[in-house]
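Work through the exercises below with the sequence and the model at hand. Try each task before reading its solution.

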Amino acid sequence: MRSIFLDYSTTTPIAASVRESMQPFFSELYGHPSSGHWIGRAAAEAIEDARCNLSSLIGCHPSEIVFTSGGTESVNLGLLGVARAISANMTERPHFICSILEHPAVRQTAQQLEREGWDVTVVGCDPYGVVPVDEIERVTRSSTRLVSIMHASHQIGTVQPIAQVAELCHDRDILLHSDAAQTIGKIECQVEELGVDLLSLSGHKFYAPMGIGALFIRLGVPIESILYGEGCEAGLRPGTPNVAAIVGLGQAAKLAQAGLQSAIDRVADFRLRFLQQLESLIGQKLKVHGGDVERVPGILSLELPGVTAEALERKLPEICFGPRAHCNGRQRCPSDNTLVALGLSQTQISNTLRISFGWTTSEDELHRAVHMIAAAYESLVE
């Protein structure tokens, strides 16, 4: 069975040059980067090279990059680390704002902030999956100190107006964090243009290995470590660095910067052609969640009338689709925060399928997938 992978929003394969860049650090260059001998110095230099590659991709100074174990740790360090540094100097109860669209890493960190004495407000979105800036403005208070709005939805791909949110926040002396796991290496993501103070990213979303991520922290932003031990990463991330994974992340950043526009164009073309061909084969127009607003080019959230996504997945085990909705572990949830926020009924949610394309999606895979899905759909609606 030749599998077709259509789940690039969940994870991506490790790029060939990324694997090659990592290999020496599993064998001859295995030294600890804090060691004074040449093998340790080689590891330390490789980490700094990777930091420079990543900072070049997002347009910041290398000293503003802290490596982490992934997007979730980056979110936790950014939000909890800043919140604790801020609240230590406040006399009133501090206030945090996030959106209903956020990944569980942000939502559950918000719950922890509540336990630590913060007020938390969750703002909604419009029918296209975009968080209105005026809604954020409406709920801000004099005690609002931190806002977190994702750069793009992992479920439907809509890009949020981060630059406008940043302008609003900075006019009110509020720090802004953004979860950019779905946008780094997929669309232009420059921290100066976005205006963010903190930005989280995950390596396995753009062809680096799992288990590595980073947090951008703008110089001057107050933050403290949330882990304890012998300090690395400017004292914010104790523990021995995962040198090979960091090197892989740096190489992935280098690849992304070199080929970003061509990748955007190719993946956007795949998404458009897939939709057009599928609609042609099944003879009806499909509902695309998020409409025509700005989006990550490779994500397609489709509603299939009369057929559940689960039934289609069972019919096509050789195609790796994106999750419709998920809880912890293997348990399925009846709905997804994003789809509920769009105002969809439970039936519409059940009929929604997420497909995402990537750099390594081939013409053959596109052709095979669209015909297989159309055939399976027709067999299920008969």
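**Exercise 1.** Which residue in S10 is the bridge partner of lysine 287?

Solution. The model used here is a predicted one. Begin with the strands: S9 covers 287-288, and S10 covers residues 299-303. These two strands pair in the antiparallel sense over two bridges. Within S10, lysine 287 is bridged to glutamate 303.

Next, place the pair in its sheet. The sheet is open, has three strands in the order S9-S10-S12, and its pairing is antiparallel. S9 and S12 each have a single partner strand and stand at the edges, so one side of each lacks a neighbour in the sheet. Helix H8 packs on this sheet and touches S9, S10 and S12. The direction of H8 makes about 20° with that of S10.

**Exercise 2.** Determine whether strand S3 is enclosed or open to the outside, and find its partners.

Solution. S3 spans residues 95-99. A residue counts as buried under 20% relative accessible area. Five of the five residues of S3 are buried, so the strand is largely enclosed by the rest of the structure.

Now sort the side chains by direction. In a regular strand they alternate between the two faces of the sheet. Here His95, Ile97 and Ser99 point one way, while Phe96 and Cys98 point the other way.

Then look for the partners. S3 pairs with S4 (residues 119-123) in the parallel sense over five bridges, and serine 99 has valine 123 as its bridge partner in S4. Between S3 and S4 the chain passes through helix H4 (residues 104-115), in a right-handed β-α-β crossover. S3 also pairs with S5 (residues 144-148), again in the parallel sense, over four bridges. In S5, leucine 146 is the bridge partner of phenylalanine 96.

**Exercise 3.** Describe the surroundings of threonine 361.

Solution. First locate the residue: threonine 361 is in the loop between strand S12 (352-356) and helix H12 (363-381). Its relative accessibility is 1%, so threonine 361 counts as buried. Next, check polar atoms: one in the side chain of threonine 361 lies 3.0 Å from the backbone nitrogen of glycine 358. Finally, beyond neighbours within four places in sequence, threonine 361 contacts Tyr8, Arg266 and Phe270.

**Exercise 4.** Which helix gives the largest share of the largest nonpolar core?

Solution. This core has 62 residues, and Leu199 is one of those touching the most other members. Helix H8 (residues 243-282) supplies the largest share, nine residues. A second, separate core has 30 residues, including Val307 and Met372.

Terms used: Residues are numbered from 1 along each chain as its sequence is written. This is a predicted model: local features need pLDDT of at least 70, side-chain atom pairs count only at pLDDT 80 or more; totals for chains, interfaces and linings use all residues. Side-chain values use heavy atoms; hydrogens and water are left out. Buried means under 20% relative accessible area, exposed over 50%, partly exposed in between (1.4 Å probe, protein chains only). Two strands pair if DSSP finds at least two bridges between them. A crossover is right-handed if, with the strands pointing away from the viewer, the path from the first strand over the helix to the second runs clockwise. A polar contact is a pair of N or O atoms within 3.5 Å; within protein, one must be able to donate a hydrogen and the other to accept it, and residues adjacent in sequence count only if both atoms are side-chain atoms. Contact means heavy atoms within 4.5 Å. A nonpolar core is a set of buried Ala, Val, Leu, Ile, Met, Phe, Trp, Tyr and Cys residues joined through side-chain atoms within 4.5 Å. Axes are lines fitted to C-alpha atoms, for helices over the stretch in contact, and angles run from 0 to 180 degrees between N-to-C directions.
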